Amino acid sequence: MWGGELWNWRQGIRESPQHADKPPGEIFFSSDHIREKDGLWSVLAWLSIMAARKQGVEEIVREHWARFGRNYFCRFDYEGLDPRAAFYLMRDLETVISDKAFSTQKFAVGDNVYSVERAENFEYIDPVDGTVARNQ
């Protein structure tokens, strides 16, 4: 998500009365393009969740893992990237993750072997205003 779409997504979550019930992995607050404040928004989000659920972080996270499994989110921000190079990178990545054989791949990192269960191009539907952000 970039620019206005990301800001609208964050604003929609903040305005939604259901945000305290979101799984921890869905709470990605940030201020408007100022990375230094990202941590502050995350802390405020977690404090709100903990207060609403009357639970500590460990209990919330373990319940999340029990319900949804262990999941990982990885975000990379690239500034000053050539738009043409970015286009080809995303096109090629979409081709890889769209291939049905990709979901059976295994990757070794050190002594651990990881399997791809699902890879997708994320789509978010705002619970407040219903706007859709595609290809995230």
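This is a dialogue on reading the features of a predicted model.

Student: What is the order of helices and strands along the sequence?

Tutor: Start with the inventory, then the order. The protein has four helices and four strands. Along the sequence they follow the pattern α-α-α-α-β-β-β-β.

Student: How many residues are there, and what percentage is buried?

Tutor: The protein has 136 residues, of which 21% are buried. Contacts give another view of the chain. Of those between residues at least 6 apart in sequence, 36% join residues at least 24 apart.

Student: Take helix 3. What span should its 12 residues have, and how far apart are the end C-alpha atoms?

Tutor: A helix is checked by its rise per residue. At 1.5 Å a residue, helix 3 (residues 57-68) should span 16 Å, since the expected span is 1.5 Å times one less than the number of residues. The end C-alpha atoms of helix 3 are 16 Å apart, which agrees with that expectation.

Student: Which residues of helix 3 are buried?

Tutor: Ile60, Val61 and His64 are the buried residues of helix 3. Viewed down the helix axis, these buried residues fall within an arc of 95°, so they line one face of helix 3.

Student: Which residues are exposed on the other side of helix 3?

Tutor: Glu58, Arg62 and Ala66 are exposed there.

Student: What follows just after helix 3?

Tutor: Look at the backbone angles at that point. Glycine 69, just after helix 3, takes a positive phi of about 85°.

Student: Where is there a positive phi in a residue other than glycine?

Tutor: Lysine 54 is such a case, with phi near 55°. Lysine 54 lies in the loop between helix 2 and helix 3. Lysine 54 is exposed, its relative accessible area being 72%.

Student: Glutamine 55 is in the loop between helix 2 and helix 3 as well. Is glutamine 55 buried or exposed?

Tutor: Glutamine 55 has 14% relative accessibility and counts as buried, because the cut-off for buried is under 20%.

Student: Which residues is glutamine 55 in contact with, leaving aside neighbours within four places in sequence?

Tutor: Glutamine 55 is in contact with Met50, Ile60 and Glu63. Ile60 is also one of the buried residues of helix 3. In addition, the side chain of glutamine 55 makes a polar contact of 2.8 Å with the side chain of arginine 53.

Student: What should I look for in charged side chains, and how many salt bridges does a search of the whole structure find?

Tutor: Side chains of opposite charge can pair when their charged atoms come close. A search of the whole structure finds five salt bridges. One of them joins arginine 53 and glutamate 63, with 2.8 Å between the closest N and O atoms. Arginine 53 lies in helix 2 (residues 38-53) and glutamate 63 in helix 3, so this pair ties together parts that are 10 residues apart in sequence.

Student: What are the relative accessible areas of arginine 53 and glutamate 63?

Tutor: Arginine 53 is partly exposed, at 26%. Glutamate 63 is also partly exposed, at 36%.

Student: Which residue does arginine 134 meet in a salt bridge?

Tutor: The side chain of arginine 134 meets that of glutamate 123, at 3.2 Å from N to O. This pair links distant parts of the chain, 11 residues apart: arginine 134 is in the segment after strand 4 (132-133), and glutamate 123 is in the loop between strand 2 (112-115) and strand 3 (124-125). Glutamate 123 is partly exposed, with a relative accessible area of 41%.

Student: What do the side chains of aspartate 92 and arginine 91 form?

Tutor: Aspartate 92 and arginine 91 meet in a salt bridge, at 3.2 Å from N to O. Aspartate 92 is partly exposed at 40% relative accessibility, and arginine 91 is partly exposed at 42%.

Student: Turning to the strands, in which sense do strand 1 and strand 2 pair?

Tutor: To read a strand pair, take its direction, its bridges and then its turn. Strand 1 (residues 106-109) pairs with strand 2 in the antiparallel sense, over four bridges. Alanine 108 stands opposite valine 113 in strand 2.

Student: How many residues lie between the strands of this hairpin?

Tutor: The hairpin of strand 1 and strand 2 has two residues between the strands, and glycine 110 takes a positive phi near 60° in this hairpin.

Notes:
Residues numbered from 1 in each chain as written. Predicted model: local features only at pLDDT ≥ 70, side-chain atom pairs only at ≥ 80, totals over all residues. Heavy atoms only, no water. Buried < 20%, exposed > 50% of the residue type's maximum accessible area, 1.4 Å probe, protein only. Arc of directions from axis to C-beta. Salt bridge = Lys/Arg side-chain N within 4 Å of Asp/Glu carboxyl O. Polar contact = N/O pair within 3.5 Å; in protein donor to acceptor, adjacent residues only side chain to side chain. Contact = heavy atoms within 4.5 Å. Pairing = 2+ DSSP bridges.
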